[in-house]
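Reader: I am in my first year and still learning to read a protein model. Could you take me slowly through a single part of this one, and show me how that part sits among its surroundings?

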Amino acid sequence: MARAAFDGAGESALLLTAQEVQPDHLLAAAGYLFVCPENLASMSGAMKEMFDRCYYPVLGRIEGRPYSTAIAAGSDGTGAQRQIDRIATGWRLRRVAEPVIVNLAAQTPEAILAPKTVGDAELQVCRELGAALAQGLAEGIF
């Protein structure tokens, strides 16, 4: 999903894993697309650790910047979505697109442990989200 959004955004985007993100990356970016899986009704541990590590170093320095989210979920994805939105509220970011939540319907132990495949239609939505965010930033809409 992150790769599809990155591909849609084109050359203006930077694709980093949560482990790679440093406060300087957030300070240098004009906007953000947070992409993660939902694990146990929460954002992934890697994403949580990134927010924990970067929250205070950028607090008060990125207000008003646009953001959106894309979440891969085993059910509804709303737990991870709420967590990211609360952090974005603390940073005073502006949501500029509806959340993309891909429900992979993994509810049994076997389905949870199995490799997941995101469908072409959902990946296209992610590409369009990346393109829209990049275009809005380039045109000064956001």
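Author: What follows is a close look at strand S1 and the parts around it, with a turn to helix H4 towards the end. Please keep in mind throughout that this is a predicted model.

Let us begin with the partners of the strand. Strand S1 covers residues 32–39 and pairs in the parallel sense with strand S3, residues 66–73, over six bridges. Within this pairing, Cys 36 of the one strand stands opposite Ile 71 in S3. S1 also pairs with strand S2, which is made of residues 42–43, but here the sense is antiparallel and there are two bridges. One of the residues involved is Glu 38, whose bridge partner in S2 is Met 43. S1 and S2 together form a hairpin in which two residues lie between the strands, and Leu 40, in the turn, has a positive phi of about 55°.

The strand can also be followed into the pockets. The largest pocket has a volume of about 850 Å³, and among the 33 residues that line this pocket, Leu 14, Leu 15, Leu 16, Tyr 32 and Leu 33 lie nearest its centre. Two or more lining residues come from each of helix H1 (2–9), helix H2 (23–28), S1, helix H3 (45–58) and helix H6 (120–138), and it is S1 that gives the most, with six residues. If you sort the lining of the largest pocket by class, you find 26 nonpolar residues, seven polar ones and no charged ones.

The second largest pocket has a volume of about 320 Å³. Of the 17 residues in its lining, those closest to the centre are Glu 38, Asn 39, Leu 40, Ala 73 and Gly 74, so that you meet again Glu 38, the bridge partner of Met 43, and Leu 40, which belongs to the hairpin turn. S1, S3 and helix H4 (78–91) are the elements that give two or more residues to the lining of the second largest pocket, and S1 again gives the most to this lining, here with three residues. By class, the lining of the second largest pocket holds eight nonpolar, six polar and three charged residues.

Next comes the nonpolar core. The largest such core has 24 residues, of which Phe 34, Met 50, Phe 51 and Trp 91 touch the most other members. S1, H3, S3 and H4 are the elements that give two or more residues to this core, and in this case H3 gives the most, with six.

Helix H4 deserves a closer look of its own. H4 has 14 residues and reaches 20 Å from its first C-alpha to its last, which is close to the 20 Å expected at 1.5 Å a residue. Its buried residues are Gly 79, Ala 80, Gln 81, Ile 84, Ile 87, Ala 88 and Trp 91. When you look at such a list, it helps to remember that an α-helix has 3.6 residues a turn, so residues three or four places apart point the same way. Arg 82 also has its place in helix H4, but Arg 82 counts as exposed because its relative accessible area is 52%, and exposed means over 50%. Just after the helix, Arg 92 takes a positive phi of about 65°.

Notes
Residues are numbered from 1 along each chain as its sequence is written. This is a predicted model: local features need pLDDT of at least 70, side-chain atom pairs count only at pLDDT 80 or more; totals for chains, interfaces and linings use all residues. Side-chain values use heavy atoms; hydrogens and water are left out. Two strands pair if DSSP finds at least two bridges between them. Helices (H or I, at least four residues) and strands (E, at least two) are DSSP runs, numbered from the N terminus. On a 1 Å grid over the protein atoms alone, a cavity is a set of points where a 1.4 Å probe fits but cannot get out, and a pocket is an open set with protein on both sides within 12 Å along at least five of seven lines; lining residues have an atom within 4 Å of a point. Grid points are joined across faces, edges and corners, and a volume is the space filled by probe spheres set on the points. Ala, Val, Leu, Ile, Met, Phe, Trp, Tyr, Cys and Pro count as nonpolar, Asp, Glu, Lys and Arg as charged, and the others, Gly among them, as polar. The expected span of a helix is 1.5 Å times one less than its number of residues. Buried means under 20% relative accessible area, exposed over 50%, partly exposed in between (1.4 Å probe, protein chains only). A nonpolar core is a set of buried Ala, Val, Leu, Ile, Met, Phe, Trp, Tyr and Cys residues joined through side-chain atoms within 4.5 Å.
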